[in-house]
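The following paragraphs lead the reader through one part of a predicted model. Please keep the sequence and the structure in view while reading.

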Amino acid sequence: MFKELKVQIFADGAVPETMKKQYESGLVDGFTTNPSLMKKAGVENYTAYAKKMVEAIPDRSLSFEVFADDAEGVEREARIIAKLGKNVMVKIPVVNTKGESMLPLIQKLSAEGVNINVTAVYSVEQTKAIVEAVSPKALTYVSIFAGRLGDNGLDPIPVMREASEICKKYEAVRLLWASTREVWNVFQAEALGVDIITCPDGVLQKLAKIDGKTPEDLSVATVVGFNRDIADLGFTIE
């Protein structure tokens, strides 16, 4: 069912074995990683890891993030990452830890043809600034953390709707829905005209199992599950 969607499905993770299985399944269009996911996956050598993944996944979009926090360090790392492969996107946060804009550097690298995934984006204002800064010479992803907006009690839908309208005016810009929390987010992204949505493996597995059940079918399936557990418990009510 989800194969009919126009929104591209990217896998979000950093475990090599899982990424290879997702790639071989043919169900995902690309991959994103970040420092937190790499830490969780136990990555010990960034460059070796990245090279290994580019070799294993040579024909799907792969986003690798810089680790540096200052402009000089980010530029140096960005250039190294960009050379890993033609399918590699360099992830650069829109701001650093001090809240300083990375857009001047992003503008410079984009003008040189570096494909950039601008990450940690949360607002329409940031989106406008990004699309005005980047060059049509390079591909740009604008990664809005819709899930984290929702986690903070903020409705991400108006943001994603307006950002989608903005990004579609630029041929080399793609809007990306990041920090996906549930399968329904995929269909929300589709309805809003979002170009890409990144999903953790748990969401991808649920997405692949969608079988068109009606609400009534789901009621029966739920009770069947309860009944199975009741039998395992062996409880009686007296």
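Two strands are said to pair if DSSP finds at least two bridges between them. Strand β4 (residues 88-93) and strand β5 meet this condition, for four bridges join them, and they run parallel. Within this pairing, Ile-92 has Val-118 of β5 as its bridge partner. Between the two strands the chain passes through helix α5 (residues 103-111), and the resulting β-α-β crossover is right-handed.

Strand β5 also pairs with strand β6 (residues 140-144), again in the parallel sense and over four bridges. Here Val-118 stands opposite Val-142 in β6. Val-118 thus takes part in both pairings, with Ile-92 and with Val-142. The strands β5 and β6, together with helix α6 (residues 124-133), make a right-handed β-α-β unit. Strand β5 itself, which spans residues 116-121, is mostly covered, with five of its six residues buried.

Attention may now turn to the largest pocket. The space in this pocket amounts to about 520 Å³, and 29 residues line it. Those nearest its centre are Asp-12, Gly-13, Asn-34, Leu-37 and Pro-200. Strand β5 appears here too, being among the elements that give two or more residues to the lining, along with β1 (8-12), α1 (16-25), α2 (35-41) and β8 (196-199). The largest share, four residues, comes from α2. By character, the lining residues divide into 11 nonpolar, 12 polar and six charged.

Methods
Residues are numbered from 1 along each chain as its sequence is written. This is a predicted model: local features need pLDDT of at least 70, side-chain atom pairs count only at pLDDT 80 or more; totals for chains, interfaces and linings use all residues. Side-chain values use heavy atoms; hydrogens and water are left out. Buried means under 20% relative accessible area, exposed over 50%, partly exposed in between (1.4 Å probe, protein chains only). A crossover is right-handed if, with the strands pointing away from the viewer, the path from the first strand over the helix to the second runs clockwise. On a 1 Å grid over the protein atoms alone, a cavity is a set of points where a 1.4 Å probe fits but cannot get out, and a pocket is an open set with protein on both sides within 12 Å along at least five of seven lines; lining residues have an atom within 4 Å of a point. Grid points are joined across faces, edges and corners, and a volume is the space filled by probe spheres set on the points. Ala, Val, Leu, Ile, Met, Phe, Trp, Tyr, Cys and Pro count as nonpolar, Asp, Glu, Lys and Arg as charged, and the others, Gly among them, as polar.
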